Amino acid sequence: MEKVIVVGAGLVGSLLAIFLKKRGFEVEVFERNPDIREHLQVSGRSINLTLCERGLRALDIVGAGEAVRDLSVPAYGRLVHDVAGNLTFQPYGNRNEAIYSISRSGLNAYLLDLAESGYGLEVQFNEKCVGLDLSSATIEMQNRVSGHISRHKADRIIGADGAFSAIRFHLIKTYGFNYSQQYWEQGYKELTVALGAESGWLSERNALHIWPRRQYMLIGFPNVDGSFTCSLHIPLKGDPSFQSITTEKDLTRFVQASFPDAAERFANLAEEYFTNPPNYMITIKCSPWSHGDRILLIGDAVHAIYPSYGQGANAGFEDCAVLDTLIGEYGDDWHSIFLRFEEARKANTDAIADLCVEHFIELRDDVGNPAFQLRKQIERKLSRLYPDRYKDLYSMITFTCIPYAQAIETDRTQRAIRERLLKLAQKNNGIDNPELDRAMESLMREYPGLAHAAAD
Ligand SMILES: Cc1cc2nc3c(=O)[nH]c(=O)nc-3n(C[C@H](O)[C@H](O)[C@H](O)COP(=O)(O)OP(=O)(O)OC[C@H]3O[C@@H](n4cnc5c(N)ncnc54)[C@H](O)[C@@H]3O)c2cc1C
């Protein structure tokens with residue numbers, strides 16, 4: 001039986017191990033950290049995630065989708081808070097579609113449980129990869145408690161060890177390996193909003209809350225227990241920034257002025273802000289994704305992206321499903337599996353990485369402005385009237401499995417239609433007027449439709 005070692009039992013490593021075990025491989029999993037189930041709520045890193053169609057579809061294949069949906073809160077749109085406390089609801093989809101907000105550590109714990117009790121896998125915790133011999137596919141692990149070093153040889157080694165991957169570090173030193181990384185100028189800190197009151201914005205649990213303030217923003221993710229986990233995104237330098245807010249007085253003043261309706265709701269504002277260092281966001285692109293037919297990278301280890309579209313874990317889960325399909329097609333021809341895997345995924349993960357940069361700026365600067373909201377109304381009208389021919393980009397990325405690059409390409413074609421209609425809507429004060437309807441009909445008659453995007 002082929003032996004596969006998975007390095008990293010985060011979200012992607014845990015799911016990948018399950019897929020591989022299901023295919024009948026002998027699978028060994030090593031994780032640097034202690035078992036997350038014994039240390040749930042690791043401070044500052046327990047930030048929530050949102051899962052969408054791609055991620056959930058991959059989870060469905062191993063029978064995990066339903067349970068994960070049950071651990072999540074569906075969010076049907078974003079609720080935008082302006083400084084005066086006015087709320088505007090922007091639905092995510094046209095057919096009541098939702099994204100699913102879930103605790104990252106809760107999701108990881110569930111996948112580890114499933115790997116162990118559902119699939120008989122054993123995860124070795126506190127084992128950090130400190131070396132890799134590429135030619136013999138042997139890894140060197142150091143136990144973080146005892147310091148003991150052990151070596152493990154396998155037929156394949158898959159690095160699912162995240163954005164700062166130790167496996168990738170070894171590939172970087174090989175000839176022909178291309179690599180780029182880019183930090184975002186903003187960082188984030190997690191702030192908890194205590195169990196919600198039944199009134200006011202806290203009772204709006206089926207939405208992602210967003211306080212866009214151009215240079216910075218606050219995002220609130222609903223939790224199943226009624227509390228919210230917020231992430232405060234501000235620049236690392238300048239004013240305001242993590243560097244300029246250094247005292248409790250600075251913090252209170254900043255939060256009260258910027259997010260007045262949230263200010264009084266934080267459970268431990270000063271403690272959480274001052275205890276946890278800012279977390280950074282990074283885009284990583286590299287290639288090739290494999291070395292020979294023995295070593296492969298997957299998930300954030302090979303394509304870390306900014307979290308603005310909520311796609312990192314979804315893309316990593318989609319990686320697992322694609323790899324599984326290729327194993328099914330190519331059997332033990334690992335050379336072809338690795339090659340086809342990168343062919344199928346890289347252009348797509350590069351495309352979503354670039355889109356995430358654009359979307360971060362859009363979320364921060366544009367969601368609160370009238371032109372953005374009008375554009376969204378036009379898109380909703382187009383999708384409602386021409387459901388088989390027009391899908392907005394967010395829906396294609398979030399509610400379908402159309403490959404990322406194709407979704408973005410399709411959106412570029414649709415942009416011309418949207419912008420023409422936006423001008424008309426601005427001139428006529430809104431989307432409900434005959435001139436706009438006529439223009440919409442004529443533009444859509446000329447538009448080839450979604451046929452060039454892959455079927456959902
Ligand atoms: C603020 C923020 C919000 C996000 N929001 C979303 C969202 O809404 N939706 C979404 O889909 N994605 C989101 N993401 C992205 C998502 O968190 C990542 O894409 C996802 O966690 C990647 O999973 P992974 O398993 O590849 O990497 P990781 O989750 O980083 O897991 C890697 C694992 O490898 C282990 N490891 C590392 N080095 C070693 C080593 N040397 N030896 C052994 N083990 C090692 C680590 O301990 C870890 O357990 C967000 C990210 C951030 C930062």
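**Entry 1: Asp 432 and its partner**

I began with Asp 432, which is exposed in this predicted model, at a relative accessible area of 69%. Its side chain meets that of Lys 381 in a salt bridge, with N and O 3.8 Å apart. I then looked up where the two sit: Lys 381 belongs to helix α12 (residues 370-385), while Asp 432 is in the loop between α14 (404-427) and α15 (434-446). The pair links distant parts of the chain, 51 residues apart. Is Lys 381 buried or exposed? I find it buried, because its relative accessibility is 5% and the cut-off for buried is under 20%.

**Entry 2: other salt bridges**

I searched the whole structure and got 26 salt bridges. One of them joins the side chains of Glu 28 and Lys 3, at 2.9 Å from N to O. Glu 28 is in strand β2 (residues 26-30) and Lys 3 in strand β1 (residues 3-7), so this pair ties together parts 25 residues apart in sequence. I noted that Glu 28 and Lys 3 are buried.

Next I turned to Arg 345, which forms a salt bridge with Glu 318; their closest N and O atoms are 3.0 Å apart. Here helix α11 (residues 334-365) holds Arg 345 and helix α10 (residues 312-330) holds Glu 318, so the pair ties together parts that lie 27 residues apart in sequence. Both residues are buried.

I also found a network of salt bridges, which links Asp 35, Arg 37, Asp 113 and Glu 116.

**Entry 3: the β10 and β11 hairpin**

How many bridges join strand β10 (residues 138-143) to β11? I count five, and the two strands run antiparallel. Across the pairing, Glu 140 stands opposite Arg 151 in β11. Five residues lie between the strands of this hairpin, and Gly 147 takes a positive phi near 80° there.

I checked the faces of strand β11 (residues 149-153) as well. Ser 150 and His 152 form the covered face, whereas Ile 149, Arg 151 and Lys 153 form the uncovered one. That fits the usual pattern, because side chains in a regular strand alternate between the two faces of the sheet.

**Entry 4: Leu 11**

I looked up Leu 11 in helix α1 (residues 11-22). Leu 11 counts as buried, with a relative accessibility of 10%. What does it touch beyond its neighbours within four places in sequence? I list Leu 49, Arg 104, Leu 107, Asn 108, Leu 111, Ala 313 and Phe 317. For a long look along the chain, I took the C-alpha atoms of Leu 11 and Glu 435: they are 424 residues apart in sequence and separated by 50 Å.

**Entry 5: a surface patch**

Phe 164, Tyr 183 and Tyr 280 make a nonpolar surface patch of about 380 Å². Phe 164 is exposed, at 59% relative accessible area, and lies in the loop between β12 (156-159) and α5 (166-172).

**Entry 6: stepping back**

I closed with the whole protein, which has 15 helices and 19 strands. Its radius of gyration is 23 Å, close to the 23 Å that the globule rule gives for 456 residues, so I can call it as compact as a globular protein of that length. The C-alpha trace spans about 70 × 60 × 40 Å along its principal axes.

Of the 456 residues, 56% are buried. The exposed area is about 19,400 Å², and carbon and sulfur atoms supply 49% of it. Among contacts with a separation of 6 or more, 70% come from residues 24 or more positions apart.

Definitions and conventions
Residues numbered from 1 in each chain as written. Heavy atoms only, no water. Patch = residues over 30% accessible without salt bridge, like charges linked within 9 Å, V, L, I, M, F, W, Y side chains within 5 Å. Areas by Shrake-Rupley, 256 points an atom, 1.4 Å probe, with all protein chains shown as cover. Salt bridge = Lys/Arg side-chain N within 4 Å of Asp/Glu carboxyl O. Helix = DSSP H or I, 4+ residues; strand = E, 2+ residues; numbered from the N terminus. Buried < 20%, exposed > 50% of the residue type's maximum accessible area, 1.4 Å probe, protein only. Rg over C-alpha atoms; globule rule 2.2 N^0.38 Å. Contact = heavy atoms within 4.5 Å. Pairing = 2+ DSSP bridges.
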